[in-house]
Protein chains: 4
Amino acid sequence: MIETSSEVRVRYQETDAMGIVYHANYLTWFEIARVDMLDKLGAPYRDLEAQGYLLPVLEASLKYKKPAKFDDRLTVSASIRELPSVRITIHYEVLRGNERLVLGSTMHAFIGKDGYPVKPPDAFMAKISEHFPAIIP
Amino acid sequence: MIETSSEVRVRYQETDAMGIVYHANYLTWFEIARVDMLDKLGAPYRDLEAQGYLLPVLEASLKYKKPAKFDDRLTVSASIRELPSVRITIHYEVLRGNERLVLGSTMHAFIGKDGYPVKPPDAFMAKISEHFPAIIP
Amino acid sequence: MIETSSEVRVRYQETDAMGIVYHANYLTWFEIARVDMLDKLGAPYRDLEAQGYLLPVLEASLKYKKPAKFDDRLTVSASIRELPSVRITIHYEVLRGNERLVLGSTMHAFIGKDGYPVKPPDAFMAKISEHFPAIIP
Amino acid sequence: MIETSSEVRVRYQETDAMGIVYHANYLTWFEIARVDMLDKLGAPYRDLEAQGYLLPVLEASLKYKKPAKFDDRLTVSASIRELPSVRITIHYEVLRGNERLVLGSTMHAFIGKDGYPVKPPDAFMAKISEHFPAIIP
């Protein structure tokens with residue numbers, strides 16, 4: 001299990017005419033938390049791209065419990081709960097203090113520059129695997 | 001069953017450094033299809049808000065099959081498959097010609113100006129109900 | 001002089017907590033008008049990029065007279081008033097019926113794939129030049 | 001003269017298919033710098049709104065020197081160079097280390113909840129005035 005957390009402050013640009021954050025922006029905040037997690041794992045997304053890998057989103061889901069508002073200081077936690085294979089699922093929580101505002105997840109696959117799925121880079125898997133119990137045959 | 005479809009042309013602003021549409025933008029296109037559907041049902045969202053109703057998103061899910069690119073002309077279909085009660089679920093498909101790019105759904109509830117859930121307005125339910133078979137007791 | 005006009009319908013996503021359109025979105029609407037203009041000139045931006053040209057923004061300015069709101073149907077006019085040389089300036093007006101909401105302009109240069117400025121492609125200049133009086137020496 | 005600076009890290013969502021930051025996003029970063037400046041002046045925008053004031057953008061201008069890219073860590077400086085009267089002009093610089101990427105400014109007016117221009121709140125002007133030399137009659 002890997003868990004990291006990131007800070008977000010709500011921009012006016014992210015609000016809508018209901019006076020709350022427009023719902024699509026949480027996906028962008030999930031991106032922030034994901035990029036931050038990869039940094040903390042020692043496998044920055046910027047470097048993965050430089051090595052010819054992309055990590056597009058294949059699926060996403062969100063549950064909206066309470067709205068965030070302009071200027072709120074939020075915490076976005078990201079966690080990987082199962083050792084990834086070809087696909088990687090990341091779970092997210094957006095919190096304002098102790099209040100859970102939004103829950104969600106994204107599923108990703110590594111693809112190469114030609115657009116086809118590839119195995120995750122070995123160095124990436126090595127870093128991830130440190131956080132999961134060894135599987136003893 | 002209600003089904004409508006709307007046209008979207010991809011903006012450069014909606015692309016990202018992978019050269020494809022950033023994944024969060026599909027939620028905005030779902031919004032376009034939803035607003036268009038309400039228009040075609042004779043219950044424009046603009047009017048619902050003027051009457052004191054809001055229709056926030058409670059849940060959303062998306063499956064990304066193929067990426068859209070800059071300047072693509074897309075069709076976004078929206079459908080309501082079950083007569084809504086307190087909650088309304090809308091399903092979406094984003095198509096480029098015959099290719100299905102993205103599938104998804106959003107679930108909504110009506111809330112009043114005080115932020116609390118309310119029953120859908122009667123006029124709205126009357127318009128929706130025309131499209132579903134009468135339930136005979 | 002070249003002048004074209006394009007239609008935009010305001011998305012909920014484009015509004016902010018003031019209940020009006022967030023000011024940065026007008027730059028995206030200018031993009032829509034610009035792309036549309038290039039289409040109508042017979043030099044689609046998509047094709048220019050395929051030929052290895054990019055047309056980044058070097059300068060932009062905007063004057064906000066009146067706010068646009070959710071669901072407004074707007075017209076965005078784009079005009080080229082002077083025969084472009086290395087730099088191209090495009091002027092814009094955002095209108096709601098007869099009301100002028102926002103005025104602005106963007107200045108662009110063609111750059112090649114290496115990121116350096118280049119002369120506009122000959123075919124592009126030929127199409128533009130048709131709309132300006134010939135300069136007789 | 002008032003000058004403050006704020007940090008921004010480039011989101012993938014902010015990039016476009018040219019592989020650089022889409023030009024409209026700099027206006028959003030100007031907003032971040034402006035909100036931060038008001039905080040540091042002791043007049044948070046959130047509080048101004050709560051007191052019934054809005055501070056819409058009347059004019060904006062931008063000069064793009066060099067592009068920002070995904071994951072760049074940027075500094076956005078904001079400065080007020082002249083004591084505001086009914087209108088407030090703020091100047092911005094977006095820097096990556098010592099490189100100046102973008103320069104710009106926005107002009108604002110205070111409006112009341114009815115949408116009409118009003119004088120800036122006295123408490124706000126008092127805080128601003130501390131940073132400018134007293135005008136001796």
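Reader: How many residue pairs are in polar contact across the interface of chain A and chain B?
Author: Keep in mind that this is a predicted model, and the pairs tallied here have both residues at pLDDT 80 or more. Between chain A and chain B, the rule picks out residue pairs in polar contact, and their number is six.

Reader: And which element gives the largest share of the side of chain A that touches chain B?
Author: Three elements of chain A each supply at least two residues of that side: α1 (25–40), α2 (45–50) and β2 (57–64). The largest share is eight residues, and these come from β2(A).

Reader: What kinds of residues make up that side of chain A?
Author: Sorted by type, the side of chain A that touches chain B has three polar residues and five charged ones. The remaining group is the nonpolar one, with 13.

Reader: Which residue of chain B meets A:K63 in a salt bridge?
Author: Chain A and chain B have a count of two salt bridges between them. In one of these, the side chain of A:K63 is 3.9 Å, N to O, from its partner, and that partner is B:E59.

Reader: What area is buried between chain A and chain B?
Author: On the contact side, 21 residues of chain A touch 21 residues of chain B. Carbon and sulfur atoms give 61% of the buried area, and the total is about 1800 Å².

Reader: Now for chain C and chain A: what is the area buried there?
Author: Here eight residues of chain C are in contact with eight of chain A, and the salt bridge count is zero. Carbon and sulfur atoms give 67% of the buried area, which comes to about 840 Å².

Reader: Which residues of chain C lose the most area to chain A?
Author: Three residues stand out, together making up 57% of what the chain C side buries. They are C:Y12, C:Q13 and C:A17.

Reader: What relation links chain C to chain A, and which C-alpha of chain C is nearest the axis?
Author: Chain C lands on chain A after a rotation of 180° with 0.0 Å of shift along the axis, at an RMSD of 0.0 Å. That makes the relation one of a two-fold axis. The C-alpha of chain C nearest that axis is 1.9 Å from it and belongs to C:D16.

Reader: Over in chain D, is D:S77 buried or exposed?
Author: D:S77 sits in strand β3 (residues 73–80) of chain D. Beyond its neighbours within four places in sequence, D:S77 has contacts that include D:E3, D:H91 and D:Y92. Its relative accessibility is 11%, so D:S77 counts as buried.

Technical notes
Residues numbered from 1 in each chain as written. Chains lettered and ligands numbered in written order. Predicted model: local features only at pLDDT ≥ 70, side-chain atom pairs only at ≥ 80, totals over all residues. Heavy atoms only, no water. Contact = heavy atoms within 4.5 Å. Buried area = accessible area lost by both parts, 1.4 Å probe. Salt bridge = Lys/Arg side-chain N within 4 Å of Asp/Glu carboxyl O. Least-squares fit on C-alpha atoms with pLDDT ≥ 70 in both. Helix = DSSP H or I, 4+ residues; strand = E, 2+ residues; numbered from the N terminus. Buried < 20%, exposed > 50% of the residue type's maximum accessible area, 1.4 Å probe, protein only. Polar contact = N/O pair within 3.5 Å; in protein donor to acceptor, adjacent residues only side chain to side chain. Nonpolar A, V, L, I, M, F, W, Y, C, P; charged D, E, K, R; others polar.
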